[in-house]
Amino acid sequence: EDTQQQIIRETFHLVSKRDENVCNFLEGGLLIGGSDNKLIYRHYATLYFVFCVDSSESELGILDLIQFLLNLDLWLFVSSLQVFVETLDKCFENVCELDLIFHVDKV
């Protein structure tokens, strides 16, 4: 199996099994570099926005960066990515990345 797919699978497993009420950062898995790297993420609807950074980065700074990026008006002139994701979730019923790839005409 491709290393990139293994990393994606491991990252999803680490992030998706966490409760909603825990912090949004954790140590990276074995393929990601272990305790030398951190996963910092936000979960909106059914999508995860994940950054993998080294241990010198500020967790709160990266969370602010994610929030800033989510609030930019980049996606089809929607006021924020959160609104866009919620709309996609309604259109596709639990949207996933494959919906975006294979149904770009509906997006």
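A residue is partly exposed when its relative accessible area falls between the buried limit, under 20%, and the exposed limit, over 50%. In this predicted model, Tyr48 has a relative accessibility of 22% and therefore counts as partly exposed.

Tyr48 also takes part in ring contacts. Two aromatic pairs are present in the structure. In one of them, the ring centres of Phe12 and Tyr48 lie 5.9 Å apart. Their planes meet at 85 degrees, so the pair is edge-to-face, the cut-off for that class being over 60 degrees. This contact joins distant parts of the chain. Phe12 belongs to helix α1 (residues 3–16), Tyr48 to strand β3 (residues 47–54), and 36 residues separate them. Ring pairs bring Tyr41 into a cluster with Phe12 and Tyr48.

Phe12 and Tyr48 recur in the lining of the largest pocket. The volume of this pocket is about 360 Å³. Its lining consists of Ile7, Ile8, Arg9, Thr11, Phe12, Val15, Thr46, Leu47, Tyr48, Val50, Cys96 and Glu97. Helix α1 and strand β3 are the elements that supply two or more residues to this lining. The largest share, six residues, comes from α1.

A further feature lies on the surface. Leu65, Phe68 and Leu69 make a nonpolar patch of about 260 Å². Of these residues, Phe68 is located in helix α2 (residues 59–71).

Note on methods
Residues are numbered from 1 along each chain as its sequence is written. This is a predicted model: local features need pLDDT of at least 70, side-chain atom pairs count only at pLDDT 80 or more; totals for chains, interfaces and linings use all residues. Side-chain values use heavy atoms; hydrogens and water are left out. Rings of Phe, Tyr and Trp (its six-membered ring) pair if their centres lie within 6.5 Å; planes under 30 degrees apart count as stacked, over 60 as edge-to-face and the rest as tilted. Helices (H or I, at least four residues) and strands (E, at least two) are DSSP runs, numbered from the N terminus. Buried means under 20% relative accessible area, exposed over 50%, partly exposed in between (1.4 Å probe, protein chains only). Patches are made of residues with over 30% relative accessible area and no salt bridge: like charges are joined within 9 Å, nonpolar side chains (Val, Leu, Ile, Met, Phe, Trp, Tyr) within 5 Å. Accessible areas come from the Shrake-Rupley method with a 1.4 Å probe; for residues, only the protein chains shown count as cover. A salt bridge is a side-chain nitrogen of Lys or Arg within 4 Å of a carboxyl oxygen of Asp or Glu. On a 1 Å grid over the protein atoms alone, a cavity is a set of points where a 1.4 Å probe fits but cannot get out, and a pocket is an open set with protein on both sides within 12 Å along at least five of seven lines; lining residues have an atom within 4 Å of a point. Grid points are joined across faces, edges and corners, and a volume is the space filled by probe spheres set on the points.
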